[in-house]
Amino acid sequence: MSEINRAVKGTNDILPGESGDWQFVEGKMLDTARLYGFEEIRVPVFEHTEVFSRSVGDTTDVVQKEMYTFDDKGGRSVTLRPEFTAGVVRSAIEHGLVNAALPVKVCYVGGCYRYEKPQAGRLREFHQFGVECIGAASPNADAEVIALARQVLDSIGIDDASLEINSIGCKKCRAEYYKALKEYFKSRSDELCDTCKDRLERNPMRILDCKSPVCGAIAADAPAVIDYLCDDCREHFNGVKANLEAAGIKYTVNPKIVRGLDYYSRTVFEFVSDKLGAQSTVCGGGRYDGLISQMGGPELPALGFAMGIERLMLVIKAKGVALPSKGGCELYIAAIGQKASLKATEICSVLRADGFSAQTDICARGLKAQMKYANKLGARFSAVLGDDEIESGKARVKNMATGEETEILLDNISAELLKLINSQALSELTDSLSE
Ligand code: ATP
Ligand code: MG
């Protein structure tokens, strides 16, 4: 296949048969966020490169290897967003949200871009839903944000992803920790990958997140940051756990979680699914108390999470969750002849104005071919219009699933169709209750 017939490696098309599920999932995300007071923010797909390199951190995989960075025609270095937090924080500072009523609570949905090795659950263009909460320091903010993630997952049928939490402390406690960590990794520095040899001096905690199996095995025996927390960070972490318990949210403490981006502090967490093999993290998040001031804003605490929608879709498929996607065509009107075709056009426009999904022939097909198409479409009801129907003002509407036919008045089409849809829904409900 030539290149114009093939999507770029690591990108996916979301096709008509799948987009209904995406709309359902994204709808649940935004609806659930609203219940917790988070409003949608839409930020640009690209930013000045420094927005990401400074915040995400120049010793991270994302900045070192994965960014789509290029000079635009005006010679500016711009980068396609590899994640949303940096752009959202830039926007919140630029537009003064951080100086208005606190906390700022925003959420987002959209595409992200990372030059990674494509595999199941790992793409170069992927989609995230996430939230950011700026200006809330207390541990019940952490629990609230985690509860929101949990409720989103529950609402799309992923009720078995396990929550793992950790605290990576603040600058104060990390000074002690870095000493211990450096000492440990120095003793095994010969075995580390080249990138990690460099990280050893600049940011030893990044080694804990290295994807190389050799570094991973060495990291497994490294000292854990949770054993080095200062009193304030320990108290905060205890508060997070107490609030999670109060909200009835199960968790396990996993001292190995450090997260892949530099801006995190204190609480970090992941939701992990056993349905995904290597790419098991469906949601990652935590606190980033230093980021707002680091980006030129006021000194404010903040936290958030992001979930990968493609990975969620894989879990939904693996679990066999049936999403209630919106129905397709509610009524297909087949027409015999020119006069009936005009009448069908008129009826369709009435139905659509009343909010029903209606279709008629737009390919000049014969009756048999029209009915075949109605079947392929999965239309719930169909009607045939010919001269007789136009004359009498009545037509027979067929339930495509049961074959049952009902006569209806064409003048009152929307109300008649609504009655049929409701009675079908009622009998489906009765059937499912008696099963
Ligand atoms: P990983 O360790 O799997 O590379 P990450 O720590 O880089 O993940 P984050 O930056 O925290 O991931 O992004 C949050 C979520 O976005 C991840 O938990 C995952 O669900 C999703 N995600 C990240 N990178 C990709 C990708 N390349 N393709 C698909 N989904 C991704
Ligand atoms: Mg990654």
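**Close-ups of a predicted model: ligand 1, a cavity and two backbone spots**

By class, 5 nonpolar, 5 polar and 6 charged residues make up the shell around ligand 1; here Ala, Val, Leu, Ile, Met, Phe, Trp, Tyr, Cys and Pro count as nonpolar, Asp, Glu, Lys and Arg as charged, and the others, Gly among them, as polar. This is a predicted model, where local features need pLDDT of at least 70, side-chain atom pairs count only at pLDDT 80 or more, and totals for chains, interfaces and linings use all residues. Residues are numbered from 1 along each chain as its sequence is written, chains are lettered from A and ligands numbered from 1 in the order in which they are written, and side-chain values use heavy atoms, with hydrogens and water left out.

**View 1. Who sits around ligand 1.** Of the 16 residues around the ligand, the nearest are Arg114, Glu116, Arg122, Leu123 and Arg259 (near means a heavy atom of the residue within 4 Å). β10 (281-287) is joined by β6 (125-134) and β11 (302-308) as elements giving two or more residues to this shell. With 4 residues, β10 has the largest share. Helices (H or I, at least four residues) and strands (E, at least two) are DSSP runs, numbered from the N terminus.

**View 2. Polar contacts to ligand 1.** Look for N or O pairs within 3.5 Å. The side chain of Lys211 puts an N or O atom 3.1 Å from an oxygen of ligand 1. Backbone N or O atoms join in too: one from Thr281 at 3.1 Å from a ligand oxygen, and one from Val282 at 3.4 Å from a ligand oxygen. On its own, ligand 1 has 590 Å² of accessible area, and the protein covers 93% of that (Shrake-Rupley method, 1.4 Å probe).

**View 3. The largest cavity.** A cavity is a set of points, on a 1 Å grid over the protein atoms alone, where a 1.4 Å probe fits but cannot get out; lining residues have an atom within 4 Å of a point. Searching the whole structure turns up 1 cavity of 30 Å³ or more, and the largest has a volume of about 30 Å³, which is the space filled by probe spheres set on the points. What is the lining like by class? It has 9 nonpolar, no polar and no charged residues. Among them are Leu331, Ile333, Ala383 and Leu385. β12 (331-335), β14 (381-385) and β15 (394-399) each chip in at least two lining residues.

**View 4. Two backbone spots.** Leu102 to Pro103 is a cis peptide bond, with omega near 0°. Pro103 falls in the loop between α4 (85-94) and β5 (104-113). Over in strand β9 (residues 265-272) sits Arg266, a residue other than glycine with a positive phi, near 50°.

Definitions and conventions. A polar contact is a pair of N or O atoms within 3.5 Å; within protein, one must be able to donate a hydrogen and the other to accept it, and residues adjacent in sequence count only if both atoms are side-chain atoms. On a 1 Å grid over the protein atoms alone, a cavity is a set of points where a 1.4 Å probe fits but cannot get out, and a pocket is an open set with protein on both sides within 12 Å along at least five of seven lines; lining residues have an atom within 4 Å of a point.
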